[in-house]
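Got the model open in your viewer? Let's walk through it one selection at a time.

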Amino acid sequence: MRLAGKTAIITGAAGGIGAATVRRFCEEGCRVTLVDIDADALQSVIADIKSDHATADLMPLALDVGLEPSSKAIVDATLKQFGSIDIVVNNAGIRAYEALHEAKADTWQKILSTNLLSYAYLSREALPALRRAKGNIVNVSSTHAVNPRAGMGQYDVAKAGILSLTRTLAFEEAPHHVRVNAVCPGLTLTPFHVRRFAAQGKSEQDLRTERVDHNIQRRWADPREVAHPILWLASDEASFVTAATLMVDGGTRV
Ligand SMILES: NC(=O)c1ccc[n+]([C@@H]2O[C@H](COP(=O)([O-])OP(=O)(O)OC[C@H]3O[C@@H](n4cnc5c(N)ncnc54)[C@H](O)[C@@H]3O)[C@@H](O)[C@H]2O)c1
């Protein structure tokens, strides 16, 4: 029970890595506010977790984290329900597949709002409570924040911005005893990727054998393999870890 008595906010909680992180946090005794734009998916994640952990203390909030007012609504609702905030996991993310030479302004805006500004807004709003709790923030970036590729420039720029945000916030908040860290997942087999491949007529098994030469373990991660390092960074076991970027990518090679 490494998070017993603690409260976390996790965004993108209905997605693959988000839901795995909520589940892992519950297993360690944490109360969780689950934030996602997809209200139905949130309900099914909660039903799924409750079927194994009937007493899990979970609050769903269906909001668009890319809109600035959502951050205050998330913090207010969490404080009202649970009374404190110890951990924020900024994880919500969207993808776009435009090369930079054809990148559209509205795609840039959507990606930056959802994948970067939402992290800045929610962190800022939660900081007073995090300072009181001597808490911490874990930001979910991507291996492609540091390992280049072609075709997803807007996403990769936002993910690189998350690493900068993480380090600056860690320096600014260290005097207030708030730690701030980032994880950089690599290939992680989430329902998003399964759906994307299904739309191309490919099965999950096909997916498991594709792109494996991107990392030295030659495989996709299970979302739980990303949730474990997020849990560790959020726990007191990582009390001397801040401003860190933890690669969780099977050893990406470019
Ligand atoms: N899966 C991977 O291979 C991989 C690799 C590197 C990084 N990541 C990052 O990990 C995080 C989670 O990825 P995932 O694979 O679980 O993705 P996912 O698509 O399964 O989950 C993302 C969740 O974010 C939610 N979301 C999107 N826009 C939102 C908004 N505006 N407001 C609130 N919620 C919103 C979606 O509804 C979804 O439930 C993302 O930040 C992603 O960029 C994933």
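How many helices and strands does the secondary structure of the protein chain come to? Colour by secondary structure: there are eight helices and seven strands, where helices (H or I, at least four residues) and strands (E, at least two) are DSSP runs numbered from the N terminus.

Before going on, some ground rules. This is a predicted model, in which local features need pLDDT of at least 70 and side-chain atom pairs pLDDT 80 or more, while totals for chains, interfaces and linings use all residues. Residues are numbered from 1 along each chain as its sequence is written, and side-chain values use heavy atoms, with hydrogens and water left out.

**Whole chain.** Zoom out. The C-alpha trace of the protein chain spans about 45 × 40 × 35 Å along its principal axes. Its radius of gyration is 17 Å, which agrees with the value near 18 Å for a compact globule of 254 residues (taken over C-alpha atoms; the globule rule is 2.2 Å times the number of residues to the power 0.38). Buried residues, meaning those under 20% relative accessible area (1.4 Å probe, protein chains only), make up 50% of the 254.

**The ligand.** Now select the ligand and the residues with a heavy atom within 4 Å of it. You should get 29 residues, the closest being Ile17, Asp36, Asp64, Asn91 and Tyr155. By class, that shell has 13 nonpolar, 12 polar and four charged residues; here Ala, Val, Leu, Ile, Met, Phe, Trp, Tyr, Cys and Pro count as nonpolar, Asp, Glu, Lys and Arg as charged, and the others, Gly among them, as polar.

Next, pick out polar contacts (N or O atoms within 3.5 Å). A polar backbone atom of Gly16 is 3.0 Å from a ligand oxygen, and a backbone N or O atom of Asn91 is 2.8 Å from one. At Arg95, a polar side-chain atom lies 3.0 Å from an oxygen of the ligand. The elements giving two or more residues to the shell are α1 (16-27), α4 (105-133), α5 (153-173) and α6 (191-198).

**Ser142.** Last stop: go to the loop between β5 (136-140) and α5, where Ser142 lies. Is Ser142 buried or exposed? Ser142 counts as buried, because its relative accessibility is 4%. A polar atom of the Ser142 side chain lies 2.9 Å from the backbone nitrogen of His144. Leaving aside neighbours within four places in sequence, Ser142 is in contact (heavy atoms within 4.5 Å) with Tyr155, Lys159, Val183, Cys184 and Pro185. Tyr155 should look familiar: it was listed among the residues closest to the ligand.

Conventions
A polar contact is a pair of N or O atoms within 3.5 Å; within protein, one must be able to donate a hydrogen and the other to accept it, and residues adjacent in sequence count only if both atoms are side-chain atoms.
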